[in-house]
Amino acid sequence: MQELILAIAGLILELLVFFCAGSLLTRILKMKAEVTMELLQLEYFYAVAQNQHMTRTAEQLHIAQPSLTQSIRRLEKELGVQLFDRSKNKIVLNEVGLEAAQLAEDYLKREDFMVRQIQEKAWQMRTLTVASYIFNLRKDLVSRLSVLFPERNIISEQLSSEQLPLGLLQGRFDYIITEYEIDEPNVCCVPYVTDKLWIRLNKNDPLAHKRSIDINDLKNEKILLWAQSGFWASYIRKQYGQIVQLITVSGEQEYYDLIDAFDIRAFILDTTLSSAPNRQNRHIYVPLSDSAAQKTFYLCCQTKNERYIPQLVKK
C-alpha cells in the first residue's frame, strides 16, 4: 500500500511539473509576442534618438509627426519601459534609452549587412548586362567582367547615349559606358578611358609625314568610317560630314578588308589601334589636330555595384 501511495504521489508531482512548465512556457511566448518590435519601429526610434527632436525627425523620415509619436509610444508600451524623458518642448534619451539606442544601432547594422549579403549572393547568380553606344568599349568591358566573373553570363547591348541613363536607373543594365557623367542619386561614374580619333594612312600617302592632320587637309577626300563606332560615328558625320566624303561600312571585318585591299584612308580610334591589322607594316596612324576629337568616357553603375569599379578600370 505504501508503494502504491508513493507511486501515485510521484505521478501527481510529474503532472504538476508538466502543467506548471506548460503554463510558464505559455506565459513566456505571450510576453514575447507582446514585445515583438517591427523593424520600422526600431528605425524610427533610432532616428529620434539621433536627432532627439520629433518634428525634425518626422521631416527627415517624410512622415507625419503624430504618426512618429504614436510609433515611439507603442514601442515603449511593448517594451514596458520609458526610453525618453519628455518635457514641453524637449525629448531626451534617458539611461535605458541610451542603452536601447546602442542596441538598436548594432541591430540595424547587422540587418543591413544581412540584406547586403543576400542581395550580393542573388546578384552574383544572375546574368550581368552592360550597354554602351561604342562597340569597342563595350567589348572591352565584357572582357574585363568575364575575367572578374568567369562563371556568369554577360549580355551586351548597344543603345544610343540618350537611352543609357534610364536603363541604368531602372536596373535594366548593371554597367554602362557613356561620354558624360550621370548626375543622379545612387549612381557612380568614374573615368573609364580617354579616346581620340586618328587617320589611318598608307605609308606612301602624301600626308604620312605629318605629326597631326587638320580635317581640312582631307577636304573632299574619301574617308572610310566604321558605322559601329557609336558616338564617334555620330560625331564624325556631324562635324566632318560636309568636309570629307564618308564611305560607311557596318561590319568590322569589312572595314579592315577595304583598308587592306585599297589602301583607303580611314578614321580609327585610339582604343582600337592595338587590335587593328597592319599587314607588312604598310600603314601608319596620324592623330587629328581637332581638340574636340578627344573624349573621356565614363563607366557608370548604381552605387550597390560600385565595389567592383576599381577592378574594372584597372589598367
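In this predicted model, Leu79, Val81 and Val96 together form a nonpolar patch of about 200 Å² on the surface. One of these residues, Val96, sits in helix α5, which covers residues 95-125. The relative accessible area of Val96 is 44%, so this residue counts as partly exposed, a class that lies between the 20% limit for buried and the 50% limit for exposed residues.

Stepping back to the whole protein gives some context for this patch. The chain is built with 10 helices and 11 strands. Of its 315 residues, 38% are classed as buried. The accessible surface amounts to about 19,300 Å², and carbon and sulfur atoms account for 54% of that surface. As for how the chain meets itself, 70% of the contacts between residues at least 6 apart in sequence join residues at least 24 apart.

The strands offer a good place to look next, and β11 is a helpful guide. Strand β11 spans residues 294-302 and pairs with strand β5, residues 175-178, in the antiparallel sense. Four bridges link β5 and β11, and Leu299 of β11 has Ile177 opposite. Strand β11 also pairs with strand β6, which runs over residues 187-202. This pairing is antiparallel too, with nine bridges between β6 and β11. Here Tyr298 of β11 stands opposite Pro191. For readers tracing such strands by eye, side chains in a regular strand alternate between the two faces of the sheet.

Key: Residues are numbered from 1 along each chain as its sequence is written. This is a predicted model: local features need pLDDT of at least 70, side-chain atom pairs count only at pLDDT 80 or more; totals for chains, interfaces and linings use all residues. Side-chain values use heavy atoms; hydrogens and water are left out. Patches are made of residues with over 30% relative accessible area and no salt bridge: like charges are joined within 9 Å, nonpolar side chains (Val, Leu, Ile, Met, Phe, Trp, Tyr) within 5 Å. Accessible areas come from the Shrake-Rupley method with a 1.4 Å probe; for residues, only the protein chains shown count as cover. A salt bridge is a side-chain nitrogen of Lys or Arg within 4 Å of a carboxyl oxygen of Asp or Glu. Helices (H or I, at least four residues) and strands (E, at least two) are DSSP runs, numbered from the N terminus. Buried means under 20% relative accessible area, exposed over 50%, partly exposed in between (1.4 Å probe, protein chains only). Contact means heavy atoms within 4.5 Å. Two strands pair if DSSP finds at least two bridges between them.
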